Amino acid sequence: MDMHRHPRTRVIHPSILYFGTPVLLITTRNPDGSTNITPMSSAWALADRIVIGLSGGGQGLANLRRERECVLNLAGEDMHRGVERIAPTTGHASVPAWKAATGYRHEADKFTLGGWHADASVSVKPPRIVECPLQLEARVLLDLDRPLEAWRDSAGGYAIIELEVLHVHAHDEVTVAGTQHVDPQLYRPLFYLFRHYMGPGKPLGRTFKAEV
Ligand SMILES: Cc1cc2nc3c(=O)[nH]c(=O)nc-3n(C[C@H](O)[C@H](O)[C@H](O)COP(=O)(O)O)c2cc1C
């Protein structure tokens, strides 16, 4: 048998299925007007819609439910140390028991802890994270015929939320001058891959639809 074309497989039972998605830092507004930052990676985009998955009990989710707007700040690969500094924290004043048991603590000022700076948004109240190469202002898409409970809260305590992107901010250094395009060679996202931080690797090719 050709071992290259027919790799042997076995059935495994991994504790998580984080197969590699970009790290997003979601900024939301707390009830007192301060800003929370939720690091997360369960997100995917289709056109101007982004679907995110957030576990229950977090401050970012509570803020999103209340204010229905946020900024999805895409972390660059050079931001992994700051992301890991805020990783074991929650903006929620009372840390849920299951989180405290895994070492989470409350942190009111994740901007200072991460070493980042805030800049005002155009169409939503939460600020953007200046250091992130892409910053997407977004609002929760509500089907007005359906109540808020229609957000899919699974038995496991996860909310799956659809967002509409309203404004895209991009660092000049990651765009192609004079165009609307992000340059895939210059944009260096941070990925979360089976609980490890990874960079994007080397370019392998382009699709027939690539514009740059
Ligand atoms: C790299 C990374 C990816 C994460 N991805 C997710 C995710 O996709 N969904 C989620 O609910 N939590 C995710 N978490 C965990 C949250 O960041 C954690 O629950 C945090 O306490 C939420 O903060 P908040 O309560 O202030 O919103 C991730 C954490 C890190 C560091």
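Modeller: A strand here is a DSSP run of E, at least two residues long, and strands are numbered from the N terminus. The model is predicted.

Biologist: Which element gives the largest share of the shell around the ligand?
Modeller: Several elements take part. Strand 3 (35-40), strand 5 (49-55), helix 1 (59-67) and strand 7 (89-90) each give two or more residues to the shell. With 4 residues, the largest share comes from strand 3.

Biologist: How many residues surround the ligand?
Modeller: A residue counts if one of its heavy atoms lies within 4 Å of the ligand. Thr 38, Pro 39, Ser 55, Thr 90 and Lys 110 are the closest. The number of residues around the ligand is 21.

Biologist: How many residues of the shell around the ligand are polar?
Modeller: Gly counts among the polar residues. The shell has 7 nonpolar residues and 2 charged ones. The polar residues number 12.

Biologist: What distance separates a backbone N or O atom of Pro 39 from an oxygen atom of the ligand?
Modeller: Pro 39 is one of the closest residues to the ligand. Here the pair joins its backbone to a ligand oxygen. The distance is 2.6 Å.

Biologist: Which residue has a backbone N or O atom 3.0 Å from a nitrogen atom of the ligand?
Modeller: Ser 42 also has a backbone N or O atom by the ligand, but that one lies 2.9 Å from an oxygen. The partner of the ligand nitrogen, at 3.0 Å, is Gly 53.

Biologist: How much of the ligand's accessible area does the protein cover?
Modeller: On its own, the ligand has 630 Å² of accessible area. The share covered by the protein is 92%.

Biologist: Which pocket does the ligand take up?
Modeller: A molecule sits in a pocket if more than half of its atoms lie within 2 Å of the pocket's grid points. The space taken by the ligand is the largest pocket.

Biologist: Is Thr 38 buried or exposed?
Modeller: Thr 38 lies in strand 3. Its side chain makes a polar contact of 3.3 Å with the side chain of Asn 36. The relative accessible area of Thr 38 is 15%, so this residue is buried.

Biologist: Which residues are buried in helix 1?
Modeller: An α-helix has 3.6 residues a turn, so residues three or four places apart point the same way. Helix 1 gives two or more residues to the shell around the ligand. Its buried residues are Gln 59, Gly 60, Leu 61, Asn 63, Leu 64 and Glu 67.

Biologist: Which residue follows helix 1, with a positive phi?
Modeller: The residue lies in the loop between helix 1 and strand 6 (69-74). Its phi is about 60°, although it is not a glycine. At 35% relative accessible area it is partly exposed. The residue is Arg 68.

Biologist: What is the phi of Arg 195?
Modeller: Arg 195 sits in the loop between strand 14 (191-193) and strand 15. A relative accessible area of 49% makes Arg 195 partly exposed, because the exposed class starts over 50%. Phi is positive here in a residue other than glycine, with a value near 65°.

Biologist: Is Leu 46 buried or exposed?
Modeller: Leu 46 belongs to strand 4 (residues 43-46). Its C-alpha lies 19 Å from that of Tyr 18, 28 residues apart in sequence. The relative accessibility of Leu 46 is 58%, so Leu 46 is exposed.

Biologist: How far apart are the C-alpha atoms of Gly 115 and Met 79?
Modeller: Gly 115 is in the loop between helix 4 (110-114) and strand 9 (118-119). At 44% relative accessibility, Gly 115 is partly exposed. Gly 115 and Met 79 are 36 residues apart in sequence, and their C-alpha distance is 9.4 Å.

Biologist: How far apart in space are Pro 200 and Pro 184, C-alpha to C-alpha?
Modeller: Pro 200 lies in the segment after strand 15. Its relative accessibility of 30% counts as partly exposed. The two prolines are 16 residues apart in sequence, and the distance in space is 9.8 Å.

Biologist: What separation do the C-alpha atoms of Thr 207 and Val 176 have?
Modeller: Thr 207 is placed in the segment after strand 15 (196-198). At 53% relative accessible area, Thr 207 is exposed. Thr 207 and Val 176 are 31 residues apart along the chain, and their C-alpha separation is 18 Å.

Key:
Residues are numbered from 1 along each chain as its sequence is written. This is a predicted model: local features need pLDDT of at least 70, side-chain atom pairs count only at pLDDT 80 or more; totals for chains, interfaces and linings use all residues. Side-chain values use heavy atoms; hydrogens and water are left out. A polar contact is a pair of N or O atoms within 3.5 Å; within protein, one must be able to donate a hydrogen and the other to accept it, and residues adjacent in sequence count only if both atoms are side-chain atoms. Accessible areas come from the Shrake-Rupley method with a 1.4 Å probe; for residues, only the protein chains shown count as cover. On a 1 Å grid over the protein atoms alone, a cavity is a set of points where a 1.4 Å probe fits but cannot get out, and a pocket is an open set with protein on both sides within 12 Å along at least five of seven lines; lining residues have an atom within 4 Å of a point. Buried means under 20% relative accessible area, exposed over 50%, partly exposed in between (1.4 Å probe, protein chains only).
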